[in-house]
Amino acid sequence: MAKLIKRPEEALKEHFGFDGFLDGQDAVVEEILTGRDGLVVMPTGGGKSLCYQLPALCLDGVTLVISPLIALMKDQVDALQAKGVAATLINSTLSQSEQMDRLDGMRRGDYKLVYVAPERFRAGSFCRALESVTIAMVAVDEAHCLSQWGHDFRPDYMRLGQAFKAIGQPQCVALTATATPVVRADILKVLDLRDPFEQVSGFARPNLSLTIRPTEKASQKFARVREIVEKHKTGIVYCATRKKVDEVADMLKDWGVRCIAYHGGLSPQERERTQNIFIERQADVAVATNAFGMGIDRSDVRFVVHFEIPGSVEAYYQEAGRAGRDGEASVCELLFNYADTRTQEFFIEGANPSPEVIRQVYQHLLNHSDGDYEMRQTLQDMAEAVGLKNSMALGSCLIILARNRYIERFDIPGSRTRGTRLLRPQVMTSQLEIDWAALEAKEERDRDKLKAMIDLCYGEECRQQAIMAYFGEENSEPCGTCDQCKGGDHGKRRAGTDEEELILRKALSGVARMSRSEAGTWVGVFGKGKIVQMLLGSRSEAVLSAKLDRLSTYGLLKECGSAYVNQLFRAMSKAGLIKTERRDQYPLLTLTERGAKVMLGKASVELDWPSRRESGLKEDDDGSGPELTELGFEVELFNRLKALRSEISEKQGVPAYVIFNNQVLENLTRLRPRTRAAGMRIKGIGEAKADQFLDVFLAEIRRYQG
Ligand code: ADP
Ligand code: ZN
């Protein structure tokens, strides 16, 4: 481990001029200074750079920063130099001799921070030169680039793990803003981090109040937009399509609202002009597709409305996050209608053309390019010629073909249409070599992302917490301001008793038993009804025909009664332990990641536990009466009590239910009272019934217990 040459507080004041740390930075710096490898996930703007720059100044030796974008590298280095930090960069913009000079400088200890592009490690000479340098640590910025599951995969990042081994595996810290569990797992694996700390922080936006409102009709949505605009005045309305943008913008103009309409169909000049109107505050509302917002720097956005569901939680949170940049309270509202998911599916189809379609497009290019292997058809015309309804799919085909170096696109002077040129016209359609499996995996990923977004909409737990959990930030507190927190049951939650915890874990194992586990995540197979029936040991046709009575969890909660178990499932869902996924409109229930942890006893939870009222005891029972404990439901005892009831019924000529109804017999079976007083705590056994019948039943129970 590298030697400490300076205290972090000192370096913070000396070079950065900050008064303190941003959320999570101090924890990361502390971990790094103990010499551990680690993974840091913070949203863009969260202050990731400081997390490695500060330790770099405190450690003896040089810190290598791997950064994917050469342009950003220069900015970072310039900024550091301006702060008096000895920093430099090595990338392909430098001549060979300049690179050598800087490597010499590193050896002499001239630099504290050196930014390098990942491609550098391809060169053996570079790695060998590093052998004689004292490396304090390596920081891998934008680490998601090494994952094929991330949004901008770079093959050179994949090789970093190997490269670090070759230079003696120095301490390594990876940083990224993209934190889905798969990507995180990939980072740990590819970089082979040793006993790493993982720190996810800064995603919470406490000043945003999130609402997801179920809506049925467009008129409802318009009415709601109007209310929000009137109340909060400045904001953004995101729509899924250009058509909807125009429709909503027209409506707002009718109401006299100053607004702009922004979408990808505008020319670059029009986009810029429109955007500036909003930034310069000459309009109060921007109605836009997701093309809007990249460079939006207007801090007083008081609301963000999503007119339709976006395609992923990442997109949703990024767009919603454009509200309240100034830290003031702001509202985000998604107007949810399941039917709108169809639009997103259409986008997924457009972004992920099938191999057949890609081959068709390629064949079309082969057939119709000119003598120079060029084609100048517009996308529209080309799509029509190939017979594609989704012209977005055509664009995706061209991107895929270009990425695989079969074609390139070129600008046609004086035209907005771009041309297409075949690079290897001798390759026939049947000879195309494209990583089809990777394309398929990407499509699946897109679908999973949409599914997670739909889950969020149907979820009943705190919205912030659900989003934090999605990004991997655990143990976040309920936000207190989202629709679920305001309308939910958080006030009633408490930790469970040992007995309740046991019941909860049985219920969760039942859900697990009736789900599938795929690569560590749970996938629903059955609806809630069946799962509850299974746990209650139901003998219904549906349960028996599915052979659910053969599961080890069958009847595990029989003693709790159906009202209790149903209420428990509601509470579990609200606490985010179980979730409903829709497949072909069928709601299927399964465990969440958190639910799986609670099941295994690896996490605790506070629930709105079902009341004792559902337990079969009298409502005013305060638990202080003679001892009554759950002893489990035994069918044999139940049958014996039933037989006894028939006997009495026959003897005395009264209907069976007048003696004790089935519910009472069930409760007698599982609670097995030993005294009259204990028996009378059971709902449905009053003085009169106790006088008439209780003694014989108690006697039968005693006989059964031997
Ligand atoms: P990221 O790389 O996570 O997107 P940056 O490292 O660029 O974020 O930091 C975002 C902004 O926050 C920068 O303007 C930076 O100067 C500022 N910043 C970082 N750390 C602190 C701090 N401790 N106090 C105040 N501002 C900070
Ligand atoms: Zn909340």
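The legends below describe close-up views of a predicted model.

**View 1. The six-stranded open sheet and its two edges.** In this predicted model, six strands form an open sheet whose order is E8-E13-E12-E9-E11-E10, and the pairing between them is parallel. Strand E8, which covers residues 208-214, and strand E10, which covers residues 259-262, are the edge strands; each has a single partner strand, so one side of each is left without a neighbour in the sheet. On average, and with direction ignored, neighbouring strands of this sheet are turned by 15 degrees against each other.

**View 2. Strand E10 beside strand E11.** At one edge of the six-stranded sheet stands E10, which is joined by four bridges to strand E11, made up of residues 285-288, and the two strands run parallel. Within this pair, alanine 261 is found opposite valine 287, a residue of E11.

**View 3. Helix H18 on the six-stranded sheet.** Helix H18, formed by residues 436-458, lies across two strands, namely E8 and strand E13 (330-336), and the helix runs at about 105 degrees to E13. In the order of the sheet, E8 and E13 are written side by side.

**View 4. The surroundings of ligand 1.** The residues around ligand 1 are Phe18, Gly20, Phe21, Leu22, Gln25, Pro43, Thr44, Gly45, Gly46, Gly47, Lys48 and Ser49, and by type this shell divides into four nonpolar residues, seven polar ones and one charged. Glutamine 25 places a polar atom of its side chain 3.0 Å from a nitrogen atom of ligand 1. Two glycines approach the ligand through their backbones: a polar backbone atom of glycine 46 is 3.4 Å from an oxygen atom of ligand 1, while for glycine 47 a backbone N or O atom lies 3.1 Å from an oxygen atom of the ligand. Ligand 1 taken alone exposes 570 Å², and the protein buries 63% of that area.

**View 5. The three-stranded open sheet under helix H15.** Three strands, in the order E14-E16-E15, make an open sheet with antiparallel pairing. Its edges are strand E14 (374-375) and strand E15 (407-411), and because each has a single partner strand, one side of each is left without a neighbour in the sheet. E14 pairs with strand E16, residues 418-422, in the antiparallel sense over two bridges, and methionine 375 has threonine 420 of E16 as its bridge partner. Helix H15, which spans residues 355-368, lies across E14, E15 and E16 and runs at about 85 degrees to E16.

**View 6. The hairpin of strands E18 and E19.** Strand E18, residues 515-518, and strand E19, residues 521-524, pair in the antiparallel sense over four bridges, and arginine 516 stands opposite valine 523, which belongs to E19. Two residues lie between the strands of this hairpin, where alanine 519 takes a positive phi near 45 degrees.

Conventions: Residues numbered from 1 in each chain as written. Chains lettered and ligands numbered in written order. Predicted model: local features only at pLDDT ≥ 70, side-chain atom pairs only at ≥ 80, totals over all residues. Heavy atoms only, no water. Pairing = 2+ DSSP bridges. Axes fitted to C-alpha atoms, helices over the stretch in contact; angles between N-to-C directions. Contact = heavy atoms within 4.5 Å. Near = heavy atom within 4 Å. Polar contact = N/O pair within 3.5 Å; in protein donor to acceptor, adjacent residues only side chain to side chain. Areas by Shrake-Rupley, 256 points an atom, 1.4 Å probe, with all protein chains shown as cover. Nonpolar A, V, L, I, M, F, W, Y, C, P; charged D, E, K, R; others polar.
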